[in-house]
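Grab a pencil and work through these short exercises. Try each task yourself before you read the solution.

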Amino acid sequence: FEIKLDPRITDISRADLEEKFNLAVQIRNEVSKANEAVIKIRSIKEKINTAGLAAKNKQLTDQLSAIEEQLYQVKNQSSQDPLNFPIRLNNKLASLGRVVETGDYKPTNGSYKVFNELKAELAVQLNQLDALLKKKEITKFL
């Protein structure tokens, strides 16, 4: 089958929709990177705790937690908590994705600007995580 533009919408081109789709995919990929990093951090922390090495590796788990807290709001427990605690990178990116995907228009310059800023912030956190994961004392928990 063929997907066609809604004939009632006349002020957007196929190229505009492709641009919107491409940005949405890039945003989705960054959200995935953030979420995968959180999953990895939690897995490592769980292995450390399960092995009974939490006290010995407190500095390491504190460093992992600091990165996790930049990526994800760890204080959220109830549906009301997002009102009480600031959103973090994964949620900011996901919210931007929702903005880009909503409506029938091409992405705004502001959407690109915000995306590039959030992508750069995420890269900083992921680089810190990668550097931490290269340390000898953590490799046994990977």
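**Exercise 1: Charges**

Keep in mind that this is a predicted model. Find how far apart the mean positions of the positive and negative charges lie.

Solution. Start by counting: the protein carries 23 positive and 19 negative charges. Then take the mean position of each set; the two are 7 Å apart.

**Exercise 2: Overall build**

List the helices and strands, then work out whether the protein is a compact globule or more spread out.

Solution. Step one: there are 6 helices and 0 strands, so the pattern along the sequence reads α-α-α-α-α-α. Step two: for 142 residues the globule rule gives 14 Å, but the radius of gyration is 19 Å, well over that, so the protein is more spread out than a compact globule. Step three: look at the C-alpha trace, which spans about 65 × 35 × 30 Å along its principal axes.

**Exercise 3: The core**

Find the largest nonpolar core and say which helices supply at least two residues each.

Solution. First, the size: this core has 27 residues. Ile 27, Ile 44, Leu 64, Leu 71, Leu 122 and Leu 129 have the most contacts inside it. Next, the suppliers: H1 (14-50), H2 (58-71), H4 (89-101) and H5 (109-133) each give at least two residues. H1 provides the largest share, with 10 residues.

**Exercise 4: One residue up close**

Pick Leu 71 and look for its contacts beyond four places in sequence.

Solution. Its partners include Ala 34, Ala 37, Val 38 and Ile 41. Further along the sequence, Leu 71 also touches Arg 88, Leu 89, Asn 90, Leu 122 and Gln 125.

Definitions and conventions. Residues are numbered from 1 along each chain as its sequence is written. This is a predicted model: local features need pLDDT of at least 70, side-chain atom pairs count only at pLDDT 80 or more; totals for chains, interfaces and linings use all residues. Side-chain values use heavy atoms; hydrogens and water are left out. A nonpolar core is a set of buried Ala, Val, Leu, Ile, Met, Phe, Trp, Tyr and Cys residues joined through side-chain atoms within 4.5 Å. Buried means under 20% relative accessible area, exposed over 50%, partly exposed in between (1.4 Å probe, protein chains only). Helices (H or I, at least four residues) and strands (E, at least two) are DSSP runs, numbered from the N terminus. Contact means heavy atoms within 4.5 Å. The radius of gyration is taken over C-alpha atoms; the globule rule is 2.2 Å times the number of residues to the power 0.38. Lys and Arg count as positive and Asp and Glu as negative; His and the chain ends are not counted. The place of a charge is taken as NZ of Lys, CZ of Arg, CG of Asp or CD of Glu.
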